[in-house]
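Trainee: Hey, have you got a few minutes? I'd like to walk through a structure with you.
Mentor: Sure, put it up and ask away.

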Amino acid sequence: MSEALEDILKRHELCEGPLLPILHDVQNTFGYVSDYHMRMIAAGLNITRAEVWGVVSFYHDFRTEPAGKPVLKLCRAEACKARGVEALVEGAEKAAGSRVRIEPVYCLGLCSGGPAAMTPQGDVHARLDSEKLNQLIGSLS
Amino acid sequence: MTRTNITVRLSDDALALACGADAVAAAFEAHGAKVERVSSWGMHWLEPLAEIDGRGYGPLSPQDVSAVLGGKAGVLDIGMIADHPFLKAQTRLTFARAGKTRPLNLDDYAATDGWKGLEAARKSGPDKTIETVLDSGLRGRGGAGFPAGIKWRTVADTSADQKYIVCNADEGDSATFADRMVMEGDPYMLIEGMAIAGLAVGASKGYVYIRSEYPHAIAKVRAAIDRAAAIIAPFELEVRVGAGSYVCGEETALLNSLEGKRGVVRAKPPLPAHEGLFGKPTVINNVLTLAAIPWIMMHGAKAYADFGMGRSRGTMPIQLAGNIRHGGLYETAFGITLGELVNDIGGGTATGRPVKAVQVGGPLGAYLPPEQFDIPFDYEAFTAKQALIGHAGITVFDDTADMSAMARFAFEFCEVESCGKCTPCRIGATRGRETLDKVAQGKDAAANLSLVLDLCETMEFGSLCAMGGFTPYPARSAIRHWPEDFTTSKVKEAAE
């Protein structure tokens, strides 16, 4: 087992219900949760691989493959729709091309100042129009 | 002339950051000013909002800084913040510190009545504490409106080797951000509320389950728990982070998620109060419910219950969002009408166009037309109109909104977020979206629309939790109030 993964499992030894915290740490460290990680986590927690896979596949946050490119989360929920996010989507996809991935997110809690988006680093941006959004997409690497 | 040696107070709330507050702070510092980062006043249309000696300036960009310091702010000068009409008309109990304190500063917290609720609870003991919460009439602010004191009493009456306090901070509803503002702006108040709950029911451990979409709140609450650990001891707190699942805001799905399982809804009974987290008696309350507790313990049940109407006692932090001119946080006693909130306080739409619809209570809440704006903010009054207050988020739409698209989105959202445990929700969501697509294409529109209404009934009464049970509310209200948006002539026009 890789040292980093061993560290993560060890860190959560005394934790109640450790699976989600472990999966978050694995994804933060490796960028995704691989088949290998799932096997090792299952062995470490003495649960079945099916249980681990069930959890990984249930939650939108976990990836089983590297994202490969920066992901911009663009809020597409009601409050941002009311402030015109849908009209920005096509232009954003064009600006993103194959370089950036635009993923929908249902609410960043910035609902009085939408349209809103969050970068992979967790930086948030509000009051987006097409110019600001395209600029933001261009700045991601 | 530029003033020196002045202190500028600027929020570090995520909304302020998203509007560029850090760059504004840096510009003030570059001009030699001292910058203090405080919580947000909740006047979001003015963010980034700077405060200098009580006077407010906003919304600022870095270029405005020299004009502000030179006394030439012009329209950006909003006068004394505390006198602003948006704030003056509010009754801020939960948000009493908003805009005034540095979120992680323990001295600021103690100087503004911090920990006094916990002291009072320690003095009066578990029984009296629960009695106070019961008498205050406080109902769960997460949406269901269940009396908090009854939940607490139920857990207190159980005997178990371990009990838990769980804070539901999985604020997933669009148009809601009050939980986020509490966690980022006044985290010690939430911690104090949880410590009081622990003392009242005999729980030694608490978890705050925060959604992963709130990285700033997660960081703040974690830091606050570290700093307050000695004050709340022997009670212990830990933050757990969600993983992008809306349905985990449902309390039993949240408990499963905390246990490291799929966020699937549990059948009730058993109630979480009897068999909750890891099968142990558990109080699970929303952020705003727990955050209201310190005020109630300090000022007494009656002081809180004196606000409000009917069976809705106290105040509600209402969130004004979407296409609204004055968006932000508006805490007031129950009983205010929807029209006052949207038109008088919110100032109508941000685009200046007429209001078409207002959604109250997030993605599972009904769309209300302006004709229903006389409805008072009260749990029972909303239920009577087949609507819900939910977490008190209000999304305003102008007349360009296509309500058939919003009805379709209600089903689409349910399709994406359903946990899949019960059939009406899992399959109904997909069928509802498909059938509304047929309506939009003009395929047997009338028959398909009545099929959707029939499906709504099945989902409402056959689903296990609010996800499937309330998805019909936005869909059905859109069909009922804006039938013209579902006729095909509009679709044909667009195609031509």
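Trainee: What pattern does chain A follow, read along the sequence?
Mentor: Keep in mind that this is a predicted model. Along the sequence, chain A goes α-α-α-α-β-α-α-β-β-β-α. That comes to seven helices and four strands.

Trainee: And what does chain A span along its principal axes?
Mentor: About 50 × 30 × 25 Å, going by the C-alpha trace. Chain A has 141 residues, and 52% of them count as buried.

Trainee: What about its accessible surface?
Mentor: For chain A that is about 6800 Å², with 48% belonging to carbon and sulfur atoms.

Trainee: Okay, new topic. How many residues of chain A are in contact with chain B?
Mentor: 37 residues of chain A, and they meet 64 residues of chain B. Together the two chains bury about 3500 Å², 58% of it on carbon and sulfur atoms.

Trainee: Which three residues supply the most of what chain A buries there?
Mentor: A:Phe58, A:Glu78 and A:Tyr106. They account for 20% of the area chain A buries against chain B, more than any other three residues.

Trainee: How many salt bridges are there between chain A and chain B?
Mentor: Zero between those two chains. Over all chains, though, a search of the whole structure finds 40.

Trainee: Let's look at some, then. Which residue forms a salt bridge with A:Asp25?
Mentor: That's A:Arg11, and the closest N and O atoms are 2.9 Å apart. The pair links distant parts of the chain, 14 residues apart: A:Asp25 sits in helix α2 of chain A, and A:Arg11 in helix α1 of chain A.

Trainee: Is A:Asp25 buried or exposed?
Mentor: A:Asp25 has a relative accessible area of 18%, so it counts as buried. Its partner A:Arg11 is at 55%, so that one is exposed.

Trainee: Where do you go in chain B for a salt bridge?
Mentor: Try B:Lys356 and B:Asp485, whose closest N and O atoms are 2.8 Å apart. This pair also links distant parts of its chain, 129 residues apart. B:Lys356 is in strand β14 of chain B, while B:Asp485 is in the loop between α20 and α21 of chain B.

Trainee: Why do those two count as buried?
Mentor: The cut-off for buried is under 20% relative accessible area. B:Lys356 is buried because its value is 14%, and B:Asp485 is buried because its value is 7%.

Trainee: Which residues are linked in a network of salt bridges?
Mentor: B:Arg9, B:Lys34, B:Glu36, B:Glu51, B:Arg102 and B:Asp108.

Trainee: Switching to strands. How many residues of β9 in chain B are buried?
Mentor: Five of its five residues, 282–286, so the strand is described as mostly covered. B:Thr282, B:Ile284 and B:Asn286 point one way, and B:Val283 and B:Asn285 point the other way.

Trainee: Why do they point in two directions?
Mentor: In a regular strand, side chains alternate between the two faces of the sheet.

Trainee: Which strand is joined to β9(B) by five bridges?
Mentor: Strand β6 of chain B, residues 164–169, and the two run parallel. As one example, B:Tyr164 stands opposite B:Thr282.

Trainee: Where is there a nonpolar patch on the surface?
Mentor: Look at B:Leu134, B:Phe146 and B:Ile150, which make one of about 250 Å². B:Ile150 lies in helix α7 of chain B, and at 40% relative accessibility it counts as partly exposed.

Trainee: Last topic, the backbone. Which peptide bonds are worth a look?
Mentor: Most peptide bonds are trans, and most residues other than glycine have a negative phi. A cis bond joins B:Ala233 and B:Pro234, with omega about 10 degrees. The bond from B:Lys268 to B:Pro269 is cis too, with omega near -5 degrees.

Trainee: And which residues have a positive phi without being glycine?
Mentor: Among them are B:Gln386, near 55 degrees, and B:Ala392, about 65 degrees. B:Gln386 is in the loop between α15 and β16 of chain B, and B:Ala392 is also in the loop between α15 and β16.

Trainee: Is B:Ala392 buried or exposed?
Mentor: B:Ala392 is at 0% relative accessibility, so it counts as buried. B:Gln386 is at 38%, so that one counts as partly exposed.

Key:
Residues numbered from 1 in each chain as written. Chains lettered and ligands numbered in written order. Predicted model: local features only at pLDDT ≥ 70, side-chain atom pairs only at ≥ 80, totals over all residues. Heavy atoms only, no water. Buried < 20%, exposed > 50% of the residue type's maximum accessible area, 1.4 Å probe, protein only. Pairing = 2+ DSSP bridges. Patch = residues over 30% accessible without salt bridge, like charges linked within 9 Å, V, L, I, M, F, W, Y side chains within 5 Å. Areas by Shrake-Rupley, 256 points an atom, 1.4 Å probe, with all protein chains shown as cover. Salt bridge = Lys/Arg side-chain N within 4 Å of Asp/Glu carboxyl O. Contact = heavy atoms within 4.5 Å. Buried area = accessible area lost by both parts, 1.4 Å probe.
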